[in-house]
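User: Please take a close look at the largest nonpolar core of this protein and at what surrounds it. I would like one connected account that I can follow alongside the model.

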Amino acid sequence: MPLMSVRQFAPLMRQTVQLSASTGTYDFDGQVTYGANVAYQCAVVGEIKTVLNGQGQEVPSAQAVYLMSNAPIRPDPDYKITLSTGDAGSTETYALNPPILAVSRYPFTRGQFATVLFLGAGRAGS
């Protein structure tokens, strides 16, 4: 297998997502509040896969987001992702902010990694 750098995949990562970390506080409705958004270059892929969520349960993931970063992102509710309307195919909040079910690292050479986020299908009314 040839040695590959994460930077060699940059031309394939044409999308951008916004990620924001939980502030650890709640609003008046009891919802988690989040800090400022940080933009990440990525590839959003429709990839159906079974993953282990934070509770150790096997759950279906509808999309994978390969970040051009090895950022230490944690699953929902510690982080919130915002997809573009083009990637989500909708302007509805449930589609733009699907839950982050699991996080993994995709290995490259010389200790380089890309963070992979596995997203659940958004649900109306959530």
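Analyst:

**The largest nonpolar core and its surroundings**

In this predicted model, the protein has two helices and nine strands, which follow one another along the sequence in the pattern β-β-β-β-β-β-β-α-α-β-β. Buried residues account for 34% of the 126 residues, and among contacts between residues at least 6 apart in sequence, 54% join residues at least 24 apart.

The largest nonpolar core holds 15 residues, and those touching the most other members are Val17, Val65, Leu67, Ile73, Ile81 and Leu117. Two or more residues each are given to this core by strand S1 (15–26), strand S3 (38–45), strand S6 (63–67), strand S7 (79–82) and strand S9 (113–119), with S3 supplying the largest share, three residues. Apart from this core lies another, of 11 residues, which includes Met13, Leu101, Ala102 and Val116.

Leaving aside residues up to four places away in sequence, Leu67 touches Met13, Val17, Leu19, Tyr40, Gln41, Cys42, Ile73, Ala114, Thr115 and Leu117. One of these neighbours, Thr115, has its place in strand S9 and counts as buried because its relative accessible area is 0%, where the cut-off is under 20%. With the same sequence neighbours left out, the residues touched by Thr115 include Val65, Leu67 and Ile73, along with Ser69, Asn70 and Arg105. The side chains of Thr115 and Arg105 are also joined by a polar contact of 3.1 Å.

Methods:
Residues are numbered from 1 along each chain as its sequence is written. This is a predicted model: local features need pLDDT of at least 70, side-chain atom pairs count only at pLDDT 80 or more; totals for chains, interfaces and linings use all residues. Side-chain values use heavy atoms; hydrogens and water are left out. A nonpolar core is a set of buried Ala, Val, Leu, Ile, Met, Phe, Trp, Tyr and Cys residues joined through side-chain atoms within 4.5 Å. Buried means under 20% relative accessible area, exposed over 50%, partly exposed in between (1.4 Å probe, protein chains only). Helices (H or I, at least four residues) and strands (E, at least two) are DSSP runs, numbered from the N terminus. Contact means heavy atoms within 4.5 Å. A polar contact is a pair of N or O atoms within 3.5 Å; within protein, one must be able to donate a hydrogen and the other to accept it, and residues adjacent in sequence count only if both atoms are side-chain atoms.
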